[in-house]
Amino acid sequence: MTKAMIIVNPSSGGEKSEQYIEQLKVQIGTTYTELTIKRTKKSGDARLFSEEAASNEYKAVFVMGGDGSVSEAVNGLLLHESKIALGIIPLGTVNNVARALGISMNPIKAIEAIEALQEATIKQIDVGKINERFFISSTSVGPIPESVQEVDVDMKTKFGVFAYVMKGIQALRDEHTYTFEIEIEGEKWSADYSMLLIAMSNFVGGVGTAIPEAAIDDGLIHMVTLKETTTKEKLSLVPELFQDKEYTNDQLEYRTFKKAKIRLLEDKDKSISCTVDGDKGQTFPLEINVLPHALSVFA
């Protein structure tokens, strides 16, 4: 018996989610003899469901949702060091991981692409680990990424990706900086940054040119830091994110690493949370490392 689990976030798919479930069942029904459908109701459900799949010899898990649902599923799978193949049907607002994998943003087309599973390419991609949590898209700190945590389901449903844009524009007025101490592979320094962005691929916030050198399977973690800037200076940096080439502005710094330690020098380690895969994440200090090719995905 070949088992597969379909994890669905109904709040992402809306009324069409049931239609997508039926279509996916038809597409994979000849490959998997037993299909289990799980619908999330609250945060953490996707992780628990994928843990169940990892513990019960499922061969594949398909997630229908956004980056948050995918991230939860990955945490459930990797908690058990599972090699179960993960399929992604993007129903979310941004879908950075799906974009980085070249998966269609149209759910119907994404499902159709899974038609010939026996011939589908299983791609091995990198996973980041921040303290005890895994992440597959990005981790960030600063007024702009913190504003993402304030975007609720109703805003995402009403405005889509523009909900993040509106919150981000409001955050531009916040000129607060944090003093970080960063240690990367033997090098340690401290500096004031208004934003720290750590990403697994070139797609950040749905923009595929944000970190043009990054790839989801290059075995590296990519870090961009933004020095202290005024609102006007931040606005002038926006074009840099759409040029698909190396940064030229001195306010932006870029480097790669495999392992890092980051803490705040403001005695606020326990009160400041980073944003992980679009949701509220860990408090400082942070230990971050890459797990090369740790996750199998249909792509």
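Is Ala 54 buried, partly exposed or exposed? In this predicted model, Ala 54 counts as partly exposed, because its relative accessibility is 23% and the buried class ends under 20%. The residue belongs to helix α3, which covers residues 45-55. Its surroundings include a stretch of chain from further along the sequence. When neighbours within four places in sequence are set aside, Ala 54 is in contact with Leu 77, His 80, Ser 82 and Ile 84. Glu 81 is 27 residues away from Ala 54 along the chain, yet a distance of 8.4 Å separates their C-alpha atoms.

Before going on, it helps to ask how confident the predictor is. The protein chain has a mean pLDDT of 83, with 77% of its residues at 70 or more. Two stretches call for more careful reading. Over residues 145-151, pLDDT stays under 50, and the model has 22 contacts beyond four places in sequence for this stretch. Residues 155-169 also have pLDDT that stays under 50, and here the model has 22 contacts beyond four places in sequence.

Attention now turns to charged side chains. Side chains of opposite charge can pair when their charged atoms come close. Searching the whole structure gives nine salt bridges. One of them joins the side chains of Lys 42 and Asp 45, with 3.1 Å from N to O. What is the accessibility of each partner in this pair? Lys 42 is exposed, at a relative accessible area of 56%, whereas Asp 45 is buried, at 7%.

Another of the salt bridges is formed by the side chains of Arg 263 and Glu 181, at 2.8 Å from N to O. Arg 263 sits in strand β12 (residues 259-264) and Glu 181 in strand β8 (residues 178-184), so this pair ties together parts that are 82 residues apart in sequence. Arg 263 counts as partly exposed, with 35% relative accessibility.

A further salt bridge brings together the side chains of Glu 187 and Arg 255, at 3.4 Å from N to O. Here Glu 187 lies in strand β9 (residues 187-199) and Arg 255 in strand β11 (residues 252-257), so the parts tied together are 68 residues apart in sequence. Glu 187 counts as partly exposed at 40% relative accessibility, and Arg 255 is partly exposed with a relative accessible area of 28%.

Strand β8, the home of Glu 181, deserves a closer look. How many of the seven residues of β8 are buried? Five of them are, so β8 is mostly covered. In a regular strand the side chains alternate between the two faces of the sheet.

Which strands pair with β8 can be read from its bridges. Strands β8 and β9 run antiparallel and are joined by seven bridges. Within this pairing, Thr 179 of β8 is found opposite Asp 192 in β9. The hairpin of β8 and β9 has two residues between the strands, and Glu 185 takes a positive phi near 45° in it. Strand β8 is also joined to β12, again in an antiparallel arrangement, by five bridges. Phe 180 has Leu 264 as its bridge partner in β12. The side chains add a link to this backbone pairing, since the salt bridge of Arg 263 and Glu 181 likewise connects β12 with β8.

Key. Residues numbered from 1 in each chain as written. Predicted model: local features only at pLDDT ≥ 70, side-chain atom pairs only at ≥ 80, totals over all residues. Heavy atoms only, no water. Salt bridge = Lys/Arg side-chain N within 4 Å of Asp/Glu carboxyl O. Buried < 20%, exposed > 50% of the residue type's maximum accessible area, 1.4 Å probe, protein only. Helix = DSSP H or I, 4+ residues; strand = E, 2+ residues; numbered from the N terminus. Pairing = 2+ DSSP bridges. Contact = heavy atoms within 4.5 Å. pLDDT = per-residue confidence, 0-100.
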